[in-house]
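Subject: Structure for your files, with notes on its sheets and helices

Dear colleague,

Please find below the structure I promised to pass on, followed by an account of what I found when going through it.

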Amino acid sequence: MSSDGDDYDVLVFGSCIVDFISYVPRLPKVGETLHGTRFATGNGGKGANQCVAAARLGSRTAFFGKLGDDPWGAAYRTALAAEGVNVEQVDLLPGESTGIAQINVADNGDNQIVIVTGANKRLAPVDAFRRPELFVRARVLVCQLETPIDGTIAAMQSFRGISILNAAPADTNLPRVILSLPSIFCVNETEAALIAGMPSVADVQQAKVATRKLQTMGCKTVIVTLGEKGAVFARALDDNGDGQVYHVKPLKVDKVVDTTGAGDAFIGALAHCLANYPDAKLGNCIAAANRVAAWSVQIPGTQSSFPRADEIELPADLATLQDQWGCV
């Protein structure tokens, strides 16, 4: 893959985490040992998930991240490369472990999760400056909050195209600069409520209120995803915004199998559409991203559930999705 900056549609600056999942009849008590029924491993981390989602749809992607110099890190880097992701900026760090999540999942759906961030904590501002041509000439940058915030800020400050911040995990005291830097600030309903200081965001009207609150806090364009209720968005008022808040309808599915990673599928698809359909309206890009997320929830797993371009067949002209959204 070429390393010229203008060859990239989507850059992702973020996290890699390997999931170790034990399925158990119930969650163990303190000091208790249980027999599990099944064990699985999988590649995760919001950053890598979102990058793979965009790559599978056909975007030319590059990933900036840190892995441990251990078998898990080497395998993860190889897996990203196999997805077509440029991994020149994915470092295997001696003395650091690859980020991992130990997950117990009970038969009733309850879970316990312990995350050790490992090498992810070493993603720093200097990493955003290593390839300045990428940050000047690539089309879309995607960041999250699973890696140190100073590196995320530096990456967005260095970027010249459209930047998306998926503000997860959310925090009640995010610095104003992290709110105001990204072109698009995207959160789910739980994250929106936490950051906006609301008791809950459970429906379209509450999402509308949250969207406006987030804009008064410094955010530009805001998207609040609502799962099976679709998404709500408002464009930045200083970016030819019209002051309206819009609702994008959800895509109904017959059976939800696994919602893990659906939000990451949405972000990756949104970045893909913004990069590859530069004249498309934001509402149409969100409607297309909803389609990709809806596809993913019908298949078990995280990255394994993300569709490839020949499976999802997004419209050649996203304007055909115009009827999927309107003012609220």
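Two strands are said to pair here if DSSP finds at least two bridges between them, and the elements themselves are DSSP runs numbered from the N terminus, with helices (H or I) of at least four residues and strands (E) of at least two. The model is a predicted one, in which local features need pLDDT of at least 70 and side-chain atom pairs count only at pLDDT 80 or more, while totals for chains, interfaces and linings use all residues. Residues are numbered from 1 along each chain as its sequence is written, and side-chain values use heavy atoms, with hydrogens and water left out.

The four-stranded sheet

One open sheet has four strands in the order E3-E2-E6-E7, with mixed pairing. Strand E3 (38-44) and E7 stand at its edges, each with a single partner strand, so one side of each is left without a neighbour in the sheet. Neighbouring strands of this sheet are turned by 15° against each other on average, direction ignored; angles run from 0 to 180 degrees between N-to-C directions, and axes are lines fitted to C-alpha atoms, for helices over the stretch in contact.

Within this sheet, strand E6 (residues 100-106) pairs with strand E7 (residues 111-116) in the antiparallel sense over six bridges, and Asn104 stands opposite Gln112 in E7. E6 and E7 form a hairpin with four residues between them, and Gly109 in the turn has a positive phi of about 95°. Strand E2 (residues 17-24), by contrast, runs parallel to E6 and is joined to E6 by seven bridges, with Asp19 opposite Ala101 in E6.

The ten-stranded sheet and the helices on it

The other open sheet I would point you to has 10 strands, also with mixed pairing, in the order E5-E4-E1-E8-E9-E10-E11-E12-E13-E14. Strand E5 (86-93) and strand E14 (325-327) are at the edges with a single partner strand each, so one side of each has no neighbour in the sheet. The average turn between neighbouring strands of this sheet, direction ignored, is 20°. Strand E12 (residues 231-234) and strand E13 (residues 246-248) pair in the antiparallel sense over three bridges, and Phe233 stands opposite Tyr246 in E13.

Helix H9 (residues 262-276) packs on the sheet, where contact means heavy atoms within 4.5 Å, and touches strand E1 (10-13), strand E8 (140-143), strand E9 (162-166), strand E10 (184-188) and strand E11 (221-225), its direction making about 175° with that of E9. H10 also packs on the sheet, touching E10, E11, E12, E13 and E14, and the direction of H10 makes about 160° with that of E12.

Ala287 lies in helix H10 (residues 282-296). At 4% relative accessibility Ala287 counts as buried, where buried means under 20% relative accessible area, exposed over 50% and partly exposed in between, with a 1.4 Å probe and protein chains only. Leaving aside neighbours within four places in sequence, Ala287 is in contact with Val248, Leu321 and Gln324.

Asn188 belongs to strand E10 and, at 25% relative accessibility, counts as partly exposed. Not counting residues up to four places away in sequence, Asn188 touches Val224 and Thr225.

Helix H5 and a helix pair

Seven of the 10 residues of helix H5 (residues 149-158) are buried, so H5 is largely enclosed by the rest of the structure. The buried residues of H5 are Gly151, Thr152, Ile153, Ala154, Ala155, Met156 and Ser158, and what covers them includes E1, helix H3 (125-128), helix H4 (132-137), E8, E9 and helix H6 (176-180).

Helix H1 (residues 46-56) packs against H9 at an angle of about 50°, with their axes 7 Å apart. H1 and H9 are therefore oblique to each other; angles under 35 degrees count as roughly parallel, over 145 as roughly antiparallel, 65 to 115 as roughly perpendicular and the rest as oblique. Lys46, Asn49, Gln50, Ala53 and Ala54 in H1 meet Asp264, Ala265, Ile267, Gly268 and His272 in H9.

With kind regards
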